[in-house]
Amino acid sequence: MDGVISVFHSDPNKSRPHTTRSWDFMNLLEARWDTTQPNTREKLLNQAGSGQNVVVGVLDTGIWPESESFSDVGMGPIPTTWNGICQPGANFDSSHCNRKLVGARYYLRGYEANFGPLDPTIDFRSARDSEGHGTHTASTVGGRNVPNAAAVGGFGIGNATGGAPLVRLAVYKVCWNKPVDQGGGGTCLDDDMLAAYDDAIVDGVDIISVSIGSTTGRSYVDDGGAIGALHAVRRNIVVVCSAGNSGPGRFSVTNIAPWILTVGASSIDRVFSSPVVLGNGVVAEGQSITPFVRGTFPLVYAPDVEIPGTTTNQTFGLCLPGTLSPALVAGKAVFCWRGSTAQALEVQRAGGVAAVLGNPYEGVGVSQTPYVIPASTVLSDQKLKIFNYIRSSAAPTATLTPARTLIGGSSATPFMAPFTSTGPNVIEPNLLKPDITAPGFNILAAWSEVASPFGVPSDNRVAKYNIISGTSMSCPHVAGVAALIKAIHPDWSSAAIRSALMTTTSPVNNLGNLITDALGNSASPLQYGSGHIQPSKAADPGLVYDATYSDYLLFLCSSIGNFLDPTFTCPIFPPSASNFNYPSLAITNLIGAVTVQRTVTNVGAGDTTYRVSTSVPRGYTFTISPSTLHFSATGEKQSFSITVAAAAGAPGNAFGWYTWFDGTHVVRSPVVINTV
């Protein structure tokens, strides 16, 4: 770092890892689901050389270097701009790096200051990944093409590939397993992340992918990730971060600095269907990636088989550890009102042979994980029919059906993942976050061979690929695309690349309607930002909203104050934070009318004219002046004003759009308004 810019406590409980059909799905989305259209992904990869001259740094839990996804067979020399190292450590030496995995480092100072010396039985003292998360994200960014890759049981089988298959990867292990007697789970310390950012900058990375964050936004001055990212962006490195998995509640989005590209999570068009057939013939819609054979079992409801005194009015039916009676459960399938791994383990502990688990989330989204016993997760609207059947039958049974992979279909997709964190931005609501959404629901990617794919430490089964969900999975999708855009446009600023990705998105699903949430309700920019990523369109956005390091500091002056760079003096009367030259517009506490400025740079051909159109919510007006922009040359800048006015009785929260169009390029920006 260039001197001390902030001093704060590095809290081990604030940050943790945010937990392959997706690329084909995005290609279909760009083609508006017309399968006769040419493959835009192949064209993009050819344009970018598959990212071979770009280095992406991944801050996470490390990497499993032996994975086929990180093979360097057929790759050319490492770019001469690379200055990094392959740091030796436990079960890891310089031979584990190659022309694909060009660098690896690990950071323990902050962790050991909080938890004492690393216990070698819970993690590797090296860049080797013991948890799987970092291997998954790194391969999603830039894994090689691996045919016939699949999760346990053969689920998701197909060609596994990263967004930029020839990109160079550098891993920075900043997340570690905590001792069980200190809470267990994972943690990522701010001071370790800051050190990793420092090294990544000097090493020569072009993109940084960070699937790490807290449970809500943090002040920029107290957020090590935001501070490290600002230093990276100052050196023109694109920083992509996950939005968080604390949704769908408002103000839950994290990684909210304007110099970060913040990514929400949405679905793809693949479902692992595993219906549960009740003894009366009624079918409950379920999903599973647990390998098992079809079987019919006596069915019991968890509250009927609990050990007396182990549950309360708030916890009955949830199959919590130690609550089920072995005498009543042995040999049966148990219906848990809500459940995941812990519930399946409790059913197994009590002697149960199968589990029917109510989806922890409302709506259609099921975040899949394999279980140690036959199990299917039933959708939330199916639970009542199972309950009523059990109550009306003297000898209820359930037949669990092995999962089938269903692709496409007529259901609305993408929809927002039920866990994806949501705006408004808790620190500065005049800046819209998240910025964009991408596939983050049931994503197949490479895995650590010492991490249980079942999420059970005692389970010793090995998986080379695994299916997991989270904004942690959507973030590297966007980072991989950013690497391709960087390869095509190496002279573009990090802000220009972010703008290109945001203004070329789509807010529309396969049915031609606005993207919905998992309940089927229309989602909003507070969930998906500008919309769903469209990779190939971002290579040719037409116009971009650029920003410099000084612009970010001026934004801080307008927001919380500039506490991050004492060499920059704030003006006496800084502009509103809404005035920051961002590809989206957020206005909070609107009274009457507000006018803001924007400046766009032409990155397309010269001698072109753009005209603006608007989609205005009821009770408001948008006035954009001028309404026509003419560019004589590539690189030319033009400014315009946007006046947003509220009429009496206008709804308190509203969403709209303004779009510049030259006959070829669609440059769309969302508008989010909150009135007093």
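Here are four short exercises on this structure, each with a worked solution.

The model is predicted, so local features need pLDDT of at least 70 and side-chain atom pairs count only at pLDDT 80 or more, while totals for chains, interfaces and linings use all residues. Residues are numbered from 1 along each chain as its sequence is written, and side-chain values use heavy atoms, with hydrogens and water left out.

**Exercise 1. Find the partners of strand E20 and describe its two faces.**

Start with the terms: strands (E, at least two residues) and helices (H or I, at least four) are DSSP runs numbered from the N terminus, and two strands pair if DSSP finds at least two bridges between them. Next, look at E19 (residues 354-358), which runs parallel to E20 and is joined to E20 by four bridges; here Gly 358 stands opposite Val 378. Then turn to E16 (residues 286-287), which pairs with E20 in the antiparallel sense over two bridges, with Gln 287 matched to Thr 377. Finally, check the faces of E20 (residues 375-378): Ala 375 and Thr 377 on one side, and Ser 376 and Val 378 on the other, are all buried. Buried means under 20% relative accessible area, exposed over 50%, and partly exposed in between (1.4 Å probe, protein chains only).

**Exercise 2. Work out how helices H5 and H6 pack.**

Take the geometry to begin with: H5 (residues 190-203) and H6 (residues 224-234) meet at an angle of about 10°, with axes 8 Å apart. The two helices are therefore roughly parallel to each other, a label for angles under 35 degrees. Now list the contact (heavy atoms within 4.5 Å): H5 brings Asp 190, Leu 194, Tyr 197 and Ile 201, and residues of H6 including Ile 227 and His 231 take part.

**Exercise 3. Trace the open sheet that contains E33 and E34.**

Write down the order: five strands run E27-E34-E33-E29-E31, with mixed pairing. Then find the edges: E27 (585-590) and E31 (628-631) each have a single partner strand, so one side of each is left without a neighbour in the sheet. Last, zoom in on E33 (residues 653-661) and E34 (residues 666-675), antiparallel strands joined by nine bridges; Phe 655 has Val 672 as its bridge partner.

**Exercise 4. Which residues touch the most other members of the largest nonpolar core?**

A nonpolar core is a set of buried Ala, Val, Leu, Ile, Met, Phe, Trp, Tyr and Cys residues joined through side-chain atoms within 4.5 Å. Among its 97 residues, the answer is Ile 208, Trp 259 and Leu 501. Helix H10 (residues 471-488) gives the most to this core, with nine residues.

Conventions:
Axes are lines fitted to C-alpha atoms, for helices over the stretch in contact, and angles run from 0 to 180 degrees between N-to-C directions. Angles under 35 degrees count as roughly parallel, over 145 as roughly antiparallel, 65 to 115 as roughly perpendicular and the rest as oblique.
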